[in-house]
Amino acid sequence: MPTQILADTTLDFYLNDFYFKSNEASQILKELETNLKEGSREKICSRQRKAGRLGLLANESLIKAFQIKGNKPPMRSIKASQKKWESILNEC
């Protein structure tokens, strides 16, 4: 069952979505690292791709939040993050 995001405004929704998805993606990667250290390779690629997709979706929410607030997104940082998540998504 998906976690429900409580948001008063559209800005809050996108910020909460960004934090939720980026934290979820990071948690998956931490679990994968632990599994690999323990010698388990069960569903590594599918979970790694899930983390990559979540990371990319998180970036989209962050960009939308900046746009709603009327601020220019920090595109250099976002592009670096995008590249990292695409690599995680595609390199398994």
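## A first look

Buried residues make up 28% of the 92 residues in this protein chain. Keep in mind as you explore that the model is predicted. The chain has three helices and zero strands, so reading from the N terminus gives the order α-α-α. Along the principal axes, the C-alpha atoms fill a box of roughly 45 × 30 × 15 Å.

How do the parts of the chain meet? Counting contacts between residues at least 6 apart in sequence, 62% join residues at least 24 apart.

## Surface and charge

About 6,600 Å² of the protein chain is exposed, and carbon and sulfur atoms supply 51% of that area. The chain carries 16 positive and 11 negative side chains. The centres of these two sets lie 6 Å apart.

## Following helix α1

Helix α1 covers residues 10-37. With its 28 residues, α1 reaches 41 Å from its first C-alpha to its last, close to the 40 Å expected at 1.5 Å a residue. Just beyond, α1 is followed by Gly39, which has a positive phi near 90 degrees.

Which residues of α1 are buried? They are Tyr14, Asp17, Phe18, Lys21, Ser22, Ala25, Ile28, Leu32 and Asn35. Try looking at the spacing in that list: an α-helix has 3.6 residues a turn, so residues three or four places apart point the same way. The cover over the buried residues of α1 includes α2 (44-69) and α3 (75-90).

## Leu36, a residue of α1

Leu36 also lies in helix α1. Is Leu36 buried or partly exposed? Its relative accessible area is 39%, so Leu36 counts as partly exposed. Setting aside neighbours within four places in sequence, Leu36 is in contact with Arg41 and Ile44. Ile68 is a different story: Leu36 and Ile68 are 32 residues apart along the chain, and their C-alpha atoms are separated by 40 Å.

## The disulfide

How many disulfides does the model have? The count comes to one. This disulfide joins Cys45 to Cys92, with an S to S distance of 2.0 Å. The pair links distant parts of the chain, since Cys45 sits in helix α2 and Cys92 in the segment after α3, 47 residues apart. A disulfide is a covalent bond between the sulfur atoms of two cysteines.

The torsion about the S-S bond of Cys45 and Cys92 is about -85 degrees, so the disulfide is left-handed. Cys45 counts as partly exposed because its relative accessibility is 26%. Cys92 is partly exposed too, at 40% relative accessibility.

Conventions. Residues numbered from 1 in each chain as written. Predicted model: local features only at pLDDT ≥ 70, side-chain atom pairs only at ≥ 80, totals over all residues. Heavy atoms only, no water. Helix = DSSP H or I, 4+ residues; strand = E, 2+ residues; numbered from the N terminus. Buried < 20%, exposed > 50% of the residue type's maximum accessible area, 1.4 Å probe, protein only. Contact = heavy atoms within 4.5 Å. Areas by Shrake-Rupley, 256 points an atom, 1.4 Å probe, with all protein chains shown as cover. Lys, Arg positive; Asp, Glu negative; His and termini not counted. Charge placed at Lys NZ, Arg CZ, Asp CG, Glu CD. Expected span 1.5 Å × (residues − 1). Disulfide = S-S within 2.5 Å.
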